[in-house]
Amino acid sequence: MHERQHEVEARLRRTLDERLRPAIHPTVAALTVEVWRVPPADDGLVGDPVGYDVARAAPYEPAQVGLAWGPPWSTTWFRVSGEVPAGLDDAEAVLDLGFTQAQPGFQAEGLVHDPEGRVVKGLNPLNDWVPVPNSPPGGHVEWYVEAAANPTVLTGFRPTLLGDRATSGDVPLYRLARADLCRRETAVADLVADLEVADGVRRSLPDDHRARELLDAVERALDALDLADVTGTAARARAELAGVLGSRAAPGGHVVSAVGHAHIDSAWLWPLRETVRKVARTVANVVQLMDSDDSLVYAMSSAQQWAWLEASYPELFARVRTYVDQGRFVPVGGMWVESDTNLVGGEAMARQLVLGKRWFAEHLGVEPREVWLPDSFGYTAALPQIVDLAGMRWFLTQKISWNTTNPFPHHTFWWEGIDGTRVFTHFPPVDTYNAELSGEELAHSAANFRDRGSASRALVPFGYGDGGGGPTREMLARARRTADLDGSPRVRIESPADFFAAAEEEYADRAPVWAGELYLEIHRGTYTSQAAMKAGNRRCEHLLREAELWSATAAVRGLLEYPYEALRAAWETVLLHQFHDILPGSSIAWVHREARATYDRVSADLEAVIGRALDALAGPGEETVAFNAAPLARLGVPALGAGTAEDERLVSTAWPSAEGGAGLESDYFRVRVDADGVIRSIVDLRHDREALPPGGAANLLELHPDHPNRWDAWDLDEHYRHTVVPLTAAEEVRVDGDAVVVRRSFGDSSVAQRISLHLGRIEVDTEVDWHESDRVLKLAVDCDVHADEARYETQFGHVVRPTHVNTSWDAARFEVCAHRWAMVAEPGYGVALANHTTYGHDVSRHPRKGGGTYSRIRASLLRAPRFPDPVTDQGRHRFRHAIVPGADVAGAARAGYGLNLPLRRRPGRAVEPLVAVTGAPAYVEAVKLAEDGSDDVVVRLYEPLGARARVRVTPSFQTSGADVVDLLERPRAGLAVWDGEELELRPFQIVTLRFRR
């Protein structure tokens, strides 16, 4: 039986590839081709794309099939024309730009326009046909094709210079392969679909009667087909399959909700400018399908991509809008982009949903209810509460199926966040967001579904993605055949909301609960890769906080107009760059080069906004005042206000030691630095305690080899820890005023550190000139603390993770994300490591000399992967860290704010905060004017310690009252209750107050 099965499979595969698929589009006549190459820009590099009006008026030259075109990243326009012969029915043109792979989105692509400029359709390797408009026999056809010469960058993770137009060269990459007017042989296309479905279902079944029945039918169909007359015998072959394809599925089986989709990375192996065009190509394909097939329902996320479509392709957007109104072209996700969720700050995570949902409401009149993040690299435990407060009901991802150690135990479940909020969540068991609706995929969905027996429904996103492309008519043909087919799950094409509503009704009352983060057991290097992305994002997030706070304060005081548009533009740009291949550092060099410049521009714009607000608030005056944007009082300055500040640093001294090292001392600490520039002792004078374990070290730099098995910029594989080189040979250790300066070199790189004492913390300022490859650099701090767990700041709170490796789940978290601080503690004493710009951390336990264990906190500073950017992180970087002995969570947070929101000093007057928060700790995350343009003041705060809290919120301005609102600043039932004065908070609860003015 198996020998016959293999023989039939081989026969079928060759027949499909060599005879049937080529016979779908026989050539009737060649088309005339003309070409215009977009000229180089002034900088000598390939020109940026031009609009259709420019391209149509350009001087075209005669061309022909075989033409070499397309230096990397260039654009070439083809004018293609011809006459439709009389009597030609089912006419289509086939335009093969020279596609070299079978996967859409990772090489040349095209967008077809008609002579009036109307977008017709996108072109890619698996969608190379163009519909011929209805016209009288002998009618003339003409199209303009915008062809993008995107290079193939994803070639086995090898370093490549193709990832930046400045280094990719000017040799043409492609040759025009076909430009023909064809007849579409529908019977042959239908036979292909029949054979694909019958064979796909058979492959997914055990060796039973149904499998043998399908195999027999496939063999009979092949026997009935005359390879010398494929078109003439296709119907006869189909008749042999009609019986087995008409057999209905047994009742009560697996039901698949198939949702058309095209995951389009907002940047990855292409720059942002190319994504705008990818969106247009994919949407054009979807609209064309919807025009001809009323079964398709398509889901598209990312308000940013919708906004690009509206701005750059208004005619196409208007056609899409019609299908949105019909409920077939469905906005999903509600976010500005499909962002990373580990690295994004709390307020920015909220704004992803605020700006995204507002855009969908204002431009499309819809409010998505499901968060749609199929490809982000793990999901913060703060997200369920943020999702709920944004008015979202459901959550979907696919990426956790990539776990390399522990298969996730559920596919449909309640996900519980750090505050106890739960959101109904689904992981499609098909294990891809680029499904083709093949028999194998559908069978995998059913067999892999870990909640089967209790639930029967799963979602399958189908369509080519990552680089775009979307669903095809071939996929819809498979969906029709598997809607009710014996041996296959039942396929229903419907919207995500339809799926979630049905799944929730079926399973919500008994679905399991997963508490805590959805940690992705792969791609851990994204916490560190492309350090400039992390620094730029962190800087802009805090500048946005300051710009809103001080602008709102000045506006309420009547000193200037609130800069709504400037702030919104800055937010949109920062949110865009939080996309899950930009901020994590996993895009090509072009993307990161542009992003560095963008962060600099946004930072300068925000500094200007802040400067204008502070000028207005400070007013005239000779006394130096300090503006404190942090949510806690510092140095005598009130939180969120300005006043006279004490000196930020207590009196401290530094001196050289006879052994070649140095010492530092203040009222808080006595620190010893050895001759290698490593801190070997930290005596906490307030607690009369040595903070380092015997033989321990702090500010120790450690270098590891970093050779992931694959996915270079993404992955930090566990085996990196097998080899470590401590950097302990200092070239210089010297005293500079009240600080100690350390210089050292390693490999082709050098580093300078400045160690100084500040209030309650030891600051280590590290400057690295980095020229390594395939290495990772870490900063280590040993802590004489026995701790079973460590705490790490996350959005609106912190998460707790084990320091031991009792289980495989614990061991897999060998690299984790923290925001501004991480800490370990035993009862009564803790040590924290705060940071200015780093995210990757690891905390481990080690045997202590004399007994017990001590904890080691390490921050990942730099990596040096060579794919997809071969010069990742090369150059100068600055990192600031603070070691905080004797810390609790509040002390760790204080140090984190100190590094990220330094006081701004200037001559002027004191400024009363707009709101004062007193009582138990509650941190204000944002103070701003309302999103709707009114003068209402919005204050967002949260409980940071993981404890119950009762706080009093007091405004300093006239208000007619206030409401507790959701993230979109709307009153909603079920939110916190506030009596106008005291507010009771649950652990980690987020509360947004809207003060009416």
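Colleague: Which residues lie nearest the centre of the largest cavity, and how many residues line it?
Modeller: In this predicted model, 21 residues line the largest cavity, and Gly345, Gly346, Glu541, Arg820 and Glu925 are the ones that lie nearest its centre.

Colleague: What makes a residue count as part of that lining?
Modeller: A lining residue must have an atom within 4 Å of a grid point of the space in question, and for the largest cavity 21 residues are listed as lining.

Colleague: Why is this space called a cavity, and what volume does it have?
Modeller: The word applies because a 1.4 Å probe fits at its points but cannot get out; the space that lies in the largest cavity comes to about 240 Å³. By this rule, 12 cavities of 30 Å³ or more are counted.

Colleague: Which elements supply the lining of the largest cavity, and which of them gives the largest share?
Modeller: At least two residues each come from helix H9 (346-364), helix H14 (531-556), strand E37 (789-794) and strand E47 (923-929), and the largest share, 6 residues, comes from H14.

Colleague: How do the residues of that lining divide by character?
Modeller: The lining of the largest cavity holds 7 nonpolar, 6 polar and 8 charged residues, and Gly345 and Gly346, two of those nearest the centre, fall in the polar class because Gly is counted there.

Colleague: What is known of the second largest pocket, and what makes it a pocket?
Modeller: Its volume is about 750 Å³, and it is called a pocket because its set of points is open, with protein on both sides within 12 Å along at least five of seven lines. Of the 33 residues that line this pocket, Ala532, Ala535, Gly536, Arg539 and Thr837 are the closest to its centre. The elements that give two or more residues to this lining are H14, helix H16 (589-618), strand E44 (875-885) and helix H18 (889-900); H14 gives the most, with 9 residues. By character, the lining of the second largest pocket divides into 10 nonpolar, 9 polar and 14 charged residues.

Colleague: Why is Thr421 called buried?
Modeller: Its relative accessible area is 13%, and buried means under 20%, so Thr421 meets the criterion. Thr421 sits in the loop between strand E18 (412-416) and strand E19 (422-426), and, leaving aside neighbours within four places in sequence, Thr421 is in contact with Pro384, Gln385, Asp388, Trp415, Glu416 and Arg986.

Colleague: What makes Asp605 partly exposed?
Modeller: The relative accessibility of Asp605 is 42%, and partly exposed covers what lies between under 20% and over 50%, so Asp605 belongs to that class. Asp605 is placed in helix H16, and its C-alpha is 18 Å from that of Asn900, although the two are 295 residues apart in sequence.

Colleague: How many helices and strands does the chain have, and how do you know whether the chain is as compact as a globular protein of that length?
Modeller: There are 18 helices and 52 strands in the chain. The radius of gyration is 31 Å, close to the 30 Å given by the globule rule for 997 residues, so the chain is as compact as a globular protein of that length. The C-alpha trace spans about 95 × 65 × 60 Å along its principal axes, and 63% of the 997 residues count as buried.

Notes:
Residues numbered from 1 in each chain as written. Predicted model: local features only at pLDDT ≥ 70, side-chain atom pairs only at ≥ 80, totals over all residues. Heavy atoms only, no water. 1 Å grid on protein atoms, 1.4 Å probe; cavity = no way out; pocket = protein on both sides within 12 Å on 5 of 7 lines; lining within 4 Å. Points joined across faces, edges and corners; volume = space filled by probe spheres on them. Helix = DSSP H or I, 4+ residues; strand = E, 2+ residues; numbered from the N terminus. Rg over C-alpha atoms; globule rule 2.2 N^0.38 Å. Buried < 20%, exposed > 50% of the residue type's maximum accessible area, 1.4 Å probe, protein only. Contact = heavy atoms within 4.5 Å.
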